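User: I would like to go through the labels attached to this model and ask, for each, what it rests on.

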Amino acid sequence: MTTVIVNATVVTGDAGRTVRHDAGIAISGDRVTAVGPTDEVRQAYPDAEVVDGRGKAVFPGLVNCHTHLLATGDRGILEDFGFPTRLTFPVSARSLLSAEERQTLAVLGVLESIRSGVTCLLEISSNVAGYAADLAATGLRLILSENINDVDESRLRQGEFHFDDGRADAGLQRSAELVESWHGKHDGRVHCFLAPHAPETCSPYLLRRTREMAEQYGIGYTIHLSQSREEIEAVMRVRGVSPTHYLFANDFLGPDLVAAHCRYVDSAEIALLGQCEVKITNNAAIAARRGAAAPVRELQAAGCVIGMGSDNMAEDMVEVMRAGLFLERVRRNDEVYPQPEDVLEWATVGGARALGMEDITGSLEVGKKADLFVVDLLRPHLVPSLRAVSSFVHNGQPADITSVMVDGEWVMRDGRVLTIDEEDVVRRAEAAGHAVWSRLLERYPNVPFPINIPPPIV
Ligand SMILES: [Zn+2]
């Protein structure tokens with residue numbers, strides 16, 4: 001079965017950043033089999049299903065290198081209390097979700113992802129196996145990872161860092177079970193990573209065992225790094241060095257590591273990350289909400305591959321790209337860097353490279369999997385279509401995206417998501433979010449909370 005999209009603007013995302021006008025792209029099975037002038041592509045596939053792409057642009061699907069889908073249930077609240085949160089509840093609302101609420105919020109996050117052109121995401125969560133099947137059923141390309149640590153969380157609240165090998169082994173065991181159950185499933189559409197949480201919550205033992213296990217399975221691994229000033233202070237106090245140097249001293253830095261955030265790294269840390277060929281996920285929208293910015297240009301100059309991620313409360317990678325452009329220009333007081341093409345590269349092939357999937361996804365080139373999204377360029381905020389990438393990165397909205405394909409299958413077509421019952425998921429997620437925050441407030445009535453939670457609207 002071959003589909004050809006013709007008469008379109010095709011943003012290939014190849015090494016030369018080629019944008020083809022009045023072009024066609026052919027998809028046979030799960031792969032891109034031709035990109036070229038409309039007439040050539042049509043003639044090469046006379047029996048193909050033809051999709052008219054007039055007025056449309058076809059982009060490579062966006063790759064979200066770092067997210068926590070269940071945090072969709074915290075939106076409207078946790079964006080505005082800093083990180084770590086200044087709210088003083090002893091537990092998070094997220095930890096009180098039922099199994100069914102977790103499934104609902106995870107699928108809600110995928111729904112938002114698809115609507116914003118995401119075709120591949122790295123999910124990091126505790127007990128991700130509980131909703132892995134729900135995620136796989138959405139048709140998205142997935143990297144699933146179990147969030148683990150081995151710090152005694154009850155003593156952490158008193159500022160004591162005590163580590164427990166038994167807890168490390170239990171987390172590694174859950175990670176191994178996830179990998180054995182899911183890695184390579186759905187014809188390779190689902191992959192797995194390992195995910196020790198952060199330098200301050202992981203012992204040298206856990207860091208070393210993680211890298212050994214990742215090498216044993218031939219998979220990548222990820223960690224939060226230089227995410228908050230509290231993290232840096234804690235690692236300096238407990239380990240006597242910066243978080244990056246602590247990871248280096250425990251043989252954790254390497255080309256299969258995706259380090260998330262890297263907001264506060266100094267020049268010595270940047271050099272070390274580059275030297276070790278660590279991949280970075282620049283989570284620009286949440287970074288901006290936290291009042292921080294990663295030194296992206298310096299990390300890239302040091303040799304780090306840059307991807308992008310949404311992290312918490314939002315899955316909108318269109319916004320992440322724009323935030324990435326704004327934040328880096330403001331941070332550097334630079335009117336021209338990065339260019340929209342740089343940011344699109346981070347959010348597509350950069351992310352694919354970071355996740356070890358450059359041969360599979362990240363650009364529209366012959367032989368790669370057909371992961372793409374289609375944008376209606378004939379919108380008031382996108383015409384004139386003089387430079388499609390710039391128009392979309394500066395002005396595009398998820399609502400401009402009409403169709404999304406993953407692995408050669410449409411997951412959204414002409415504005416309708418085909419793999420999820422959208423109305424039902426939105427209604428259940430509205431109920432779940434209200435229920436879990438009410439549950440938290442009922443359990444801890446004396447914790448100061450400045451928000452009056454209204455009843456659900458459906
Ligand atoms: Zn995170």
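The exchange below takes up the domains, the core, some strands and a few backbone details.

User: Before the labels, what kind of model is this, and how are its residues numbered?

Analyst: This is a predicted model, in which local features need pLDDT of at least 70 and side-chain atom pairs count only at pLDDT 80 or more, while totals for chains, interfaces and linings use all residues. Residues are numbered from 1 along each chain as its sequence is written.

User: Which domains does the assignment give, and what makes residues of one count as touching the other?

Analyst: The domain assignment of the protein gives domain 1 (2–60 + 365–417) and domain 2 (62–354), with bounds that come from an automatic or database domain assignment. The centres of the two domains, taken over C-alpha atoms, are separated by 30 Å. The contact takes 21 residues from domain 1 and 23 residues from domain 2, where two residues are in contact if their C-beta atoms, placed from the backbone, lie within 7 Å.

User: Which elements supply the side of domain 1 that touches domain 2, and how do its residues divide into nonpolar, polar and charged?

Analyst: Strand 5 (56–60), helix 15 (388–395), strand 15 (401–406) and strand 16 (409–413) each supply at least two residues, and the largest share, 4 residues, comes from helix 15. These elements are DSSP runs numbered from the N terminus, helices being H or I with at least four residues and strands E with at least two. The residues on this side divide into 12 nonpolar, 5 polar and 4 charged, a split in which Ala, Val, Leu, Ile, Met, Phe, Trp, Tyr, Cys and Pro count as nonpolar, Asp, Glu, Lys and Arg as charged, and the others, Gly among them, as polar.

User: What makes a set of residues a nonpolar core, and why is the largest one said to lie between the domains?

Analyst: A nonpolar core is a set of buried Ala, Val, Leu, Ile, Met, Phe, Trp, Tyr and Cys residues joined through C-beta atoms within 7 Å. The largest has 140 residues, and those with the most contacts inside it include Ile25 and Val58. Domain 1 and domain 2 both give residues to this core, so it lies between them. Leaving aside neighbours within four places in sequence, Ile25 is in contact with residues including Val10, Val58 and Leu364.

User: Why is Leu111 called buried, while His186 is called partly exposed and Asn333 exposed?

Analyst: A residue is buried if 20 or more other C-beta atoms lie within 10 Å of its own, exposed if 12 or fewer, and partly exposed in between, with C-beta atoms placed from the backbone. Leu111 has 22 such neighbours and therefore counts as buried, His186 has 14 and so counts as partly exposed, and Asn333, with 6, counts as exposed.

User: Where does Leu111 lie, and what is it in contact with?

Analyst: Leu111 lies in helix 2 (residues 99–115). Leaving aside neighbours within four places in sequence, its contacts are Val417, Ile420, Glu422 and Val425. Leu111 and Glu422 are 311 residues apart in sequence, yet 7.3 Å apart in space, C-alpha to C-alpha.

User: How do you know that strand 7 is largely enclosed, and what makes strands count as paired with it?

Analyst: In strand 7 (residues 118–125), 8 of the 8 residues are buried, so this strand is largely enclosed by the rest of the structure. Two strands pair if DSSP finds at least two bridges between them. Strand 6 (residues 62–67) runs parallel to strand 7 and is joined to it by 4 bridges, while strand 7 and strand 8 (residues 141–148) pair in the parallel sense over 6 bridges.

User: Why is strand 5 also described as largely enclosed, and which strands pair with it?

Analyst: In strand 5, 5 of the 5 residues are buried, so the rest of the structure largely encloses this strand. Lys56, Val58 and Pro60 point one way, Ala57 and Phe59 the other way, and all are buried. Strand 1 (residues 2–11) pairs with strand 5 in the parallel sense over 2 bridges, and strand 14 pairs with strand 5 in the antiparallel sense over 5 bridges. Ala57 is the bridge partner of Thr9, and Val375 in strand 14 is the bridge partner of Ala57.

User: What is stated about the peptide bond from Tyr337 to Pro338, and about phi of Asn333?

Analyst: The peptide bond from Tyr337 to Pro338 is cis, with omega near 0°, and Pro338 lies in the loop between helix 13 (317–332) and helix 14 (340–354). Asn333 lies in the loop between helix 13 and helix 14, and its phi is near 50°, a positive value in a residue other than glycine.
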